[in-house]
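Got the viewer open? Here is a short walk through some aromatic rings, a charge sitting over them, and a couple of unusual backbone angles.

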Amino acid sequence: MEKTFAMIKPDAVNRGLIGEIISRFENSGLKIEALKMINANPDIVANLYPDNEDWLRSVGQKMSNTYKRYEKDIVADMGTDDTLELGKMVRQWLVEYITMGPIVIMILSGNHAVDVVRKLIWDTNPVLAQPGSIRGDFSVDSADFANSAHRAIYNLVHASGSVKEAEDEIALWFGGN
Ligand code: GDP
Ligand code: MG
């Protein structure tokens with residue numbers, strides 16, 4: 001038995017996908033332990049995405065890889081190719097994204113809940129997410145498109161990536177309760 005944290009992001013709330021997304025979580029056999037609709041405050045969002053160099057560089061590196069893959073000039077678009085600076089940009093875009101409108105946050109529990117929810121949402125980049133997954137079925141956004149628009153990838157849902165992340169995120173958003 002495991003617990004995980006998930007968030008229905010503002011783009012999904014705006015598109016009327018709350019019920020659809022919750023249904024997919026429930027249909028998988030996971031149990032909803034807690035659920036609330038809130039307006040996120042920018043400080044808590046900043047805490048969701050770590051301000052540490054490893055995380056920032058890993059996100060910056062992903063952005064750099066996307067530019068290489070599509071043979072586009074990252075310095076022309078972003079003004080830098082430093083992965084740390086790129087990571088900081090994504091983090092700022094995320095604060096803007098998650099505070100764009102109301103969100104729905106929840107705690108889900110069940111066998112391998114962390115992996116099950118990641119399987120249901122699939123890849124960060126919706127154009128690469130499998131059909132049948134939430135991101136694959138309901139979005140055609142992509143990393144390159146989002147980067148050139150200087151915003152986060154609108155991918156409808158957030159879910160913890162590991163048991164440790166889940167513990168931290170449940171404590172952050174639900175005060176540990
Ligand atoms: P997730 O766990 O699948 O949500 O992905 P990450 O934890 O790696 O990144 C957090 C969020 O940052 C993602 O859900 C996206 O909204 C955004 N993001 C991640 N990588 C990129 C990127 O390369 N470009 C842009 N524009 N946004 C990104
Ligand atoms: Mg993540």
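Is Tyr97 buried or exposed? Select Tyr97 and look: at 1% relative accessibility, this residue counts as buried (buried is under 20% relative accessible area, exposed over 50%, partly exposed in between, with a 1.4 Å probe and protein chains only).

Before you go further, some housekeeping. This is a predicted model, where local features need pLDDT of at least 70, side-chain atom pairs count only at pLDDT 80 or more, and totals for chains, interfaces and linings use all residues. Residues are numbered from 1 along each chain as its sequence is written, chains are lettered from A and ligands numbered from 1 in the order in which they are written, and side-chain values use heavy atoms, with hydrogens and water left out.

**Stop one: the phenylalanines**

Searching the whole structure turns up four aromatic pairs (rings of Phe, Tyr and Trp, the last by its six-membered ring, pair if their centres lie within 6.5 Å; planes under 30 degrees apart are stacked, over 60 edge-to-face, the rest tilted). Pick Phe5 and Phe174: the ring centres are 6.4 Å apart and the planes meet at 70°, so this one is edge-to-face. It ties together distant parts of the chain, with Phe5 in strand E1 (residues 2-8) and Phe174 in helix H10 (residues 163-174), 169 residues apart. (Helices, H or I with at least four residues, and strands, E with at least two, are DSSP runs numbered from the N terminus.) Phe5 is buried at 0% relative accessible area, and Phe174 is buried too, at 11%.

Next, head back to Tyr97 and add Tyr154: this aromatic pair is tilted, 4.8 Å centre to centre with 40° between the planes. Here, too, distant parts of the chain are linked: Tyr97 belongs to helix H6 (residues 83-98) and Tyr154 to the loop between H9 and E4, 57 residues apart. Tyr154 is partly exposed, with 26% relative accessible area.

**Stop two: an arginine over two rings**

Keep Tyr154 and add Arg151, which lies over the face of that ring at 4.2 Å from its centre (the test: NZ of Lys or CZ of Arg within 6 Å of the ring centre and within 35 degrees of the ring normal). Now show Phe145: Arg151 lies over its face as well, 5.4 Å from the ring centre.

**Stop three: two histidines**

Select His150, in the loop between helix H9 (143-148) and strand E4 (157-159). Its phi is positive, about 55°, although it is not a glycine. Finish at His112, between strand E3 (103-110) and helix H7 (113-121), with a positive phi of about 50°.
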